[in-house]
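Good morning, everyone, and thank you for making room for me today. I would like to walk you slowly through one structure, so please have a look at it before I begin.

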Amino acid sequence: TAGFAKSLLAINHRLRMLTLAIEDQPDHSLMATRLLAEMQSDNSAEEIYYRAGKRLLRQLAPSHPVINHLSATAIKAQGTYLITGGLGKLGLVIARYLISQKPVNVVLVGRSAISAEGQNVINTLESAGAKVVYHAADTADAESARQLIANVLEQFGHLNGIFHSAGLATEQTLLEQDAAAFAEILKPKLLGTRWLDEATADLDLDFFILFSSISAVVGDFGS
């Protein structure tokens, strides 16, 4: 909700929006007082939390990277890892990282048939010692997602983890989109997550990693 508010405010400055979360025991009188106070303030597009009687404001802070600590245990030699949006910029960052860690099988997934340029990328990745394949599938479609997982299991016999980085971008702002266009943008993230989760419900995955966007924190002028 807060990410949506930030994106909307980036293109329509006439609005004022904030996200308020109250985790204390419900006290309707106190809740109304806090809500009124926030509405009368100059806050806009902020995320405010009331926890144990304290007012907290969400802010960005430096984080210590944990990826090096994860690599020794989360990524397995000869493991099979599926990356949606696999030939996109983010998908390839993930693929290169996996290949740099251990000899793995990488399944890149995209909605379109692979191009000559995409095949050249795969050939380069495989030159580093990994097995890399591409599957054309629409994970926002239940049957397509189910068939994708079945094909991966038939080819490799196992699936260790999923990186769901697929997404759909548009140059249209929120104000320029109708309901159908907005729903189309949500499909890869929402339906893709749902159908991949259902298709792998019987598998013992080590992880299922979902990717959002920095726009959820800073807002976005597009989708």
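Let me start with a question: in which helix do Arg194 and Glu198 both lie, and how many residues apart are they? They both lie in helix 7, residues 179-199, and they are four residues apart, which is about one turn of the helix. When I say helix or strand, I mean a DSSP run, numbered from the N terminus, with at least four residues of H or I for a helix and at least two of E for a strand.

Before going further, I should say that this is a predicted model, in which local features need pLDDT of at least 70 and side-chain atom pairs count only at pLDDT 80 or more, while totals for chains, interfaces and linings use all residues. Residues are numbered from 1 along each chain as its sequence is written, and side-chain values use heavy atoms, with hydrogens and water left out.

Now, back to that pair. Side chains of opposite charge can pair when their charged atoms come close. The side chains of Arg194 and Glu198 form a salt bridge, with 3.5 Å from N to O, where a salt bridge is a side-chain nitrogen of Lys or Arg within 4 Å of a carboxyl oxygen of Asp or Glu. Arg194 is partly exposed at 45% relative accessibility, and Glu198 is partly exposed as well, at 46%; here buried means under 20% relative accessible area, exposed means over 50%, and partly exposed lies in between, with a 1.4 Å probe and protein chains only.

By this rule the structure has five salt bridges, and I will take up two others. One of them joins Arg146 to Glu143, with the closest N and O atoms 2.7 Å apart, and both residues lie in helix 6, residues 142-156, three residues apart. Arg146 is partly exposed at 41%, and Glu143 is partly exposed at 44%.

The other joins Arg55 to Glu38, where the closest N and O atoms are 2.8 Å apart. Arg55 sits in strand 3, residues 54-57, and Glu38 in helix 2, residues 28-39, so this salt bridge ties together parts that are 17 residues apart in sequence. Are the two partners buried or exposed? Arg55 is partly exposed, at 40% relative accessibility, whereas Glu38 is buried, with a relative accessible area of 3%.

That brings me to the sheet. Strand 3 belongs to an open sheet of three strands, in the order 1-2-3 and with mixed pairing, where two strands pair if DSSP finds at least two bridges between them. Its edge strands are strand 1, residues 19-22, and strand 3, each of which pairs on one side only. Strand 1 pairs with strand 2, residues 47-51, in the parallel sense over four bridges, and Thr19 has Glu47 in strand 2 as its bridge partner.

Helix 2 lies across strand 1, strand 2 and strand 3, running at about 160° to strand 1; contact means heavy atoms within 4.5 Å, and angles run from 0 to 180 degrees between N-to-C directions, with axes fitted to C-alpha atoms, for helices over the stretch in contact.

Finally, let me point to a loop residue. Ala52 lies in the loop between strand 2 and strand 3, has a positive phi near 50° although it is a residue other than glycine, and counts as exposed at 69% relative accessibility.
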